[in-house]
Amino acid sequence: ILGKQKQEGQGLGYIRRVDDNKVYMTAEQIPAIKKQAIAYVDQRLINVQREDINSITVNSPNDIYILRPGPGDKTVIFENLQEGKVLNNSIADKVFDALAGLSFEDVNAESSKRGLQFDRRYLCRLKDSTVYTIWLAKDGDAWFIKCDAQFADKTPVTKTQGEVESDEQLKIKEAKLLARDAAEEFSDTHKGWVYQIPAYRAETLTRTSADLFEVPKTQQADANELLNTAAE
């Protein structure tokens, strides 16, 4: 049992065993005891590197769109962009990179969150055939997710008897096996759990296609003119 510190900021303090009334002074700084169990959990979920992404698909009720990496650094392509629409690359880039360092605030068994409606989906396809899927649900101001990973390339890794393979071929096969195993491990680890994530991260993961377009300059000018007229 930890008591008060001897002097504020010194780190030395009073302690005693639960089964003993004798009180002791610590010889070293008392270790910080975290108040919540979640503080002892690795709260990182996914950390996808931008250069590994092949495409992003975002689904929400009555809306779906696909983003792909652009030709330049931090540029994004909106697949099948309608004529007259102008992509806001800054917002689209945040959506594209939303799985970089994704972490959670709390975790619960899925059985305790059966009332949630996971009606939004964020799907990230990597160049190595790994596919991360994030399902999202909102309850009041809180956002919850379920996550899964699959390895889309189902072609078996084989070796023909007597065949001599180059180091490059062996490295490709090894990378495929490692990526497949990592996807299976991720899926097994997170199966049956629901995670609460920060609202600002959820808002990025659930951006609609309309959120990604810039207002045409002519419309913005008309709006500014109306505001100025109203102010006068």
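**Exercise 1. Strand β10 and its neighbours**

Find which residue of β11 stands opposite R125, and describe how the strands around β10 are joined.

Solution. Step 1: in this predicted model, R125 faces V131 of β11. Step 2: β10 and β11 run antiparallel and are joined by six bridges. Step 3: the hairpin formed by β10 and β11 has three residues between the strands, and S129 takes a positive phi near 85° there. Step 4: β10 is also joined to β5, again by six bridges and in the antiparallel sense. Step 5: in β10, L123 stands opposite T57.

**Exercise 2. The order of the sheet**

Give the order of the strands in the open sheet, and state which strands stand at its edges.

Solution. Step 1: the open sheet has eight strands, in the order β7-β6-β5-β10-β11-β12-β13-β9, with antiparallel pairing. Step 2: the edge positions belong to β7 (76-78) and β9 (106-109); each has a single partner strand, so one side of each lacks a neighbour in the sheet. Step 3: from one strand to the next, the twist averages 25°. Step 4: β9 pairs with β13 (residues 193-197) over four bridges, in the antiparallel sense. Step 5: V107 has Y195 of β13 as its bridge partner.

**Exercise 3. Two helices on the sheet**

State which strands α1 and α2 touch or lie across, and at what angles the helices run.

Solution. Step 1: α1 (residues 89-96) lies across β5 (53-60), β6 (63-69), β7 and β10 (120-126), and runs at about 90° to β6. Step 2: α2 (residues 167-190) packs on the sheet and touches β11 (130-139), β12 (142-151) and β13. The direction of α2 makes about 145° with that of β12.

**Exercise 4. The buried side of α1**

Which residues of α1 are buried, and what covers them?

Solution. Step 1: the buried residues are A92, D93, V95 and F96. Step 2: around the axis they cover an arc of only 160°, so they lie on the same side of α1. Step 3: their cover includes β5, β6, β7, β10 and α3 (199-205). Step 4: the N-terminal end of α1 is capped by N88, which has a side-chain oxygen 3.2 Å from the backbone nitrogen of S90.

**Exercise 5. The nonpolar cores**

How many residues make up the largest nonpolar core, and which of them touch the most other members?

Solution. Step 1: the largest nonpolar core has 39 residues. Step 2: the members that touch the most others are L67, L99, Y122, C124, Y132 and L136. Step 3: β12 supplies the largest share of this core, five residues. Step 4: a second, separate core has five residues, among them L116, A142, F144 and V194. Step 5: as a general rule, in soluble globular proteins nonpolar side chains tend to be buried together.

**Exercise 6. T26 and Q5**

Decide whether T26 counts as buried or exposed, and do the corresponding check for Q5.

Solution. Step 1: T26 lies in the loop between β3 (24-25) and β4 (44-46). Step 2: buried means under 20% relative accessible area. T26 has 13% relative accessibility and therefore counts as buried. Step 3: the side chain of T26 reaches the backbone oxygen of E28 at 3.0 Å. Step 4: Q5 is in strand β1 (residues 2-5). With a relative accessible area of 38%, Q5 is partly exposed. Step 5: Q5 and Q29 are 24 residues apart along the chain, and their C-alpha atoms are separated by 9.3 Å.

Terms used:
Residues numbered from 1 in each chain as written. Predicted model: local features only at pLDDT ≥ 70, side-chain atom pairs only at ≥ 80, totals over all residues. Heavy atoms only, no water. Pairing = 2+ DSSP bridges. Axes fitted to C-alpha atoms, helices over the stretch in contact; angles between N-to-C directions. Contact = heavy atoms within 4.5 Å. Buried < 20%, exposed > 50% of the residue type's maximum accessible area, 1.4 Å probe, protein only. Arc of directions from axis to C-beta. Polar contact = N/O pair within 3.5 Å; in protein donor to acceptor, adjacent residues only side chain to side chain. Core = buried A, V, L, I, M, F, W, Y, C linked by side-chain atoms within 4.5 Å.
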